[in-house]
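Student: Can you walk me through this structure? I have it open but don't know where to start.

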Amino acid sequence: MRTLFGPHRGARFQSLFDAASGTLACYPQDDALTGLPNRFAFEERFARAIARAHWRGWFPAVVLINIGHFRRINATLGHAMGDNLLRQVARRLSGSLEPNDFVARMSGSEFALALCRLEDPRDTAWKTGLVLDALNKPFEVDDQQLYLPACMGLSVYPEDGLDAETLLRHAGAAAFRAAPGCRQQVVRFTRAIGEAARTRLSLETDMRRALEGHEFRLLYQPQVDPEGRLAGLEALLEWNHPRRGRIAPAEFIPIAEESGMIVPIGAWVLGEACRQNVEWQDTGHAPVRISVNVSAVEFARPDFVHMVTGTLSDTGLNPKWLALEVTESTLMRDVEESVRRMTKLRGLGVRIAIDDFGTGYSSLAYLRRFPLDALKIDRSFLLDVTSGTVTPLVETVIRLAHGLGLRVVAEGVENERQLGALRRAGCDLLQGHLFGQSLPPSTVANSVLCQDRLAAMAPVN
Ligand code: C2E
Ligand code: MG
Ligand code: MG
């Protein structure tokens with residue numbers, strides 16, 4: 001596209017000639033909500049700033065700013081309040097500008113700042129400092145004060161890109177790396193960040209055909225009682241990528257969550273785990289409960305309970321042989337709704353456990369309200385077990401859980417010392433490499449489901 005005319009009078013429009021279609025189109029240049037330039041205007045102005053800077057030896061830079069929590073703000077305070085906040089953000093950003101710099105609203109809660117006349121790339125530090133100061137003060141809505149987390153990414157010409165489009169993309173990749181909520185941080189683009197962004201994108205693309213290509217499979221890790229008897233299996237997803245080989249869930253689940261692919265993948269996992277369980281029962285094995293991990297994105301969907309009910313009826317699995325694992329942060333997103341969903345699921349007979357317990361933020365008061373069956377203590381808490389006793393923290397969690405009528409599962413049990421300490425502390429179930437890694441279904445059927453005990457355990461002292 002090529003710009004034919006400058007801005008019109010009144011509302012600013014840009015007329016663009018689309019060479020491919022031979023048509024002339026008009027694009028507004030202002031964002032209607034904030035009055036700031038929009039993406040089109042930003043790219044055009046920034047491209048001009050780069051051309052000018054090139055001849056003068058300046059180092060123009062772009063800061064991409066993602067303001068967090070916006071979906072939640074719109075959902076809880078309403079869109080009018082959300083709009084009001086965005087206008088306040090726009091005013092603050094405009095107020096933090098130096099002459100010759102400019103700011104634009106790119107989309108939703110994403111803003112871009114162009115720093116045009118930097119004679120030294122290091123000057124970005126104090127300029128972005130002004131922006132951070134502006135955003136770190138509380139915002140006012142409805143007599144309430146709100147702090148908005150912002151992720152900021154920075155890219156500087158010519159080191160991080162030679163044109164506006166590349167610099168913006170690289171600033172976006174850097175912003176993605178900035179930890180949300182870490183308000184004092186502006187992340188500068190690096191080659192490693194660019195590489196990670198490309199890997200993410202290619203995994204996201206590949207993931208779309210992985211389901212149809214049967215590249216996913218479920219592995220099962222045993223859970224045992226303190227005597228070593230099989231008490232359940234946790235289904236763990238694995239991706240066998242045609243070029244990259246096996247990819248662990250920790251690498252691809254976050255990408256699946258962001259892209260929304262976790263929804264069809266999660267539905268497949270649930271269906272496959274239930275189907276497999278029925279198959280084992282049909283071939284004469286004693287029934288065993290299978291735990292399935294559910295991500296926050298799946299749990300938050302309005303049709304989640306319906307999807308679980310449908311899968312149970314399609315596969316014919318008795319709900320008591322299914323457990324769902326959710327994390328504390330998943331449940332804390334909307335406590336009332338979580339309680340409603342969990343109540344429905346438990347009404348069906350499905351068990352519910354909190355996974356990775358201790359790594360999230362749930363409070364005791366909420367824990368009491370959630371209709372739960374078990375807590376799974378995160379394996380990071382077992383790393384400190386170096387003597388014959390668990391740490392006071394683990395001991396407290398076990399006592400707390402039992403006080404609430406919940407069972408406690410310890411994950412990541414790797415050695416006899418941890419096992420002894422957990423048994424003495426009264427932990428109900430154990431899971432970890434000591435009793436078996438994640439195993440393919442054939443090994444589960446031929447070995448795990450046929451043994452009385454998965455580990456020869458000495459009696460508790
Ligand atoms: P998780 O649900 O907490 O699963 C336990 C993880 O710890 C598994 O890693 C398991 O292989 C590993 N693990 C088990 N025992 C030991 C041990 O003794 N030592 C050590 N070092 N590690 C042990 P994995 O398979 O890489 O899964 C990681 C996470 O990915 C899971 O954590 C879960 O949050 C997620 N995930 C796995 N499968 C699914 C799935 O089907 N759906 C969703 N939404 N998430 C999944
Ligand atoms: Mg789990
Ligand atoms: Mg876990």
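Tutor: We can go through the overall layout, the metal site, some charged pairs and one helix contact. Keep in mind that this is a predicted model.

Student: OK, how is the chain divided into domains?
Tutor: Domain 1 covers 1-30, domain 2 covers 31-189 and domain 3 covers 202-450. The centres of domain 2 and domain 3, taken over C-alpha atoms, are 40 Å apart.

Student: And how many helices and strands are in the chain?
Tutor: The chain has 16 helices and 19 strands. Along the principal axes, its C-alpha atoms fill a box of roughly 80 × 50 × 40 Å.

Student: What percentage of the residues count as buried?
Tutor: That would be 47% of the 461 residues. As for contacts with a separation of 6 or more, 65% of them come from residues 24 or more positions apart.

Student: Switching to the metals. Which residues are the protein donors of the magnesium ion (ligand 2)?
Tutor: Glu234 (OE), Asn293 (OD1), Glu325 (OE) and Asp355 (OD), at 2.0 to 2.2 Å from the ion. Along the chain, the donors follow the spacing E-x58-N-x31-E-x29-D. Take Glu234 and Asn293: Glu234 is in strand β12 (residues 230-241) and Asn293 is in strand β14 (residues 290-293), 59 residues apart, so this pair links distant parts of the chain.

Student: Are those two buried or partly exposed?
Tutor: One of each. Glu234 has a relative accessible area of 4%, so Glu234 is buried. Asn293 is at 29% relative accessibility and therefore counts as partly exposed.

Student: How far apart are ligand 2 and the magnesium ion (ligand 3)?
Tutor: The two magnesium ions are 4.0 Å apart. Asp355 coordinates both of them.

Student: New topic. How many salt bridges does a search of the whole structure find?
Tutor: It finds 30. As background, side chains of opposite charge can pair when their charged atoms come close.

Student: Which residue forms a salt bridge with Arg39?
Tutor: Glu43 does, with the closest N and O atoms 3.4 Å apart. Both residues lie in helix α1 (residues 39-56), 4 residues apart, which is about one turn of the helix. Arg39 is partly exposed, with a relative accessible area of 34%, and Glu43 is also partly exposed, at 29%.

Student: What about Arg229, what does that pair with?
Tutor: Arg229 forms a salt bridge with Asp225, where the closest N and O atoms are 3.0 Å apart. Arg229 also forms one with Glu227, at 3.7 Å.

Student: And which of those three are buried, and which partly exposed?
Tutor: Asp225 is at 14% relative accessibility, so Asp225 counts as buried. Arg229 is partly exposed at 36%, and Glu227 is partly exposed at 33%.

Student: Which residues are linked in a network of salt bridges?
Tutor: Asp206, Arg209, Glu215 and Arg243 are linked that way.

Student: Back to α1. At what angle does it pack with helix α5 (residues 164-177)?
Tutor: The angle is about 110°, and the axes are 9 Å apart. Angles of 65 to 115 degrees count as roughly perpendicular, and α1 and α5 are therefore roughly perpendicular to each other.

Student: Which residues make the contact?
Tutor: From α1, they are Phe42, Glu43, Phe46, Ala47 and Ile50. From α5, they are Ala164, Leu167 and Leu168. Glu43 is a residue you have met already, as the salt-bridge partner of Arg39.

Terms used. Residues are numbered from 1 along each chain as its sequence is written. Chains are lettered from A and ligands numbered from 1 in the order in which they are written. This is a predicted model: local features need pLDDT of at least 70, side-chain atom pairs count only at pLDDT 80 or more; totals for chains, interfaces and linings use all residues. Side-chain values use heavy atoms; hydrogens and water are left out. Donors are N, O and S atoms within 2.8 Å of the metal (3.2 Å for Na, K and Ca); water is not among the atoms, so sites may look incomplete. Helices (H or I, at least four residues) and strands (E, at least two) are DSSP runs, numbered from the N terminus. Buried means under 20% relative accessible area, exposed over 50%, partly exposed in between (1.4 Å probe, protein chains only). Domain bounds come from an automatic or database domain assignment. A salt bridge is a side-chain nitrogen of Lys or Arg within 4 Å of a carboxyl oxygen of Asp or Glu. Axes are lines fitted to C-alpha atoms, for helices over the stretch in contact, and angles run from 0 to 180 degrees between N-to-C directions. Angles under 35 degrees count as roughly parallel, over 145 as roughly antiparallel, 65 to 115 as roughly perpendicular and the rest as oblique. Contact means heavy atoms within 4.5 Å.
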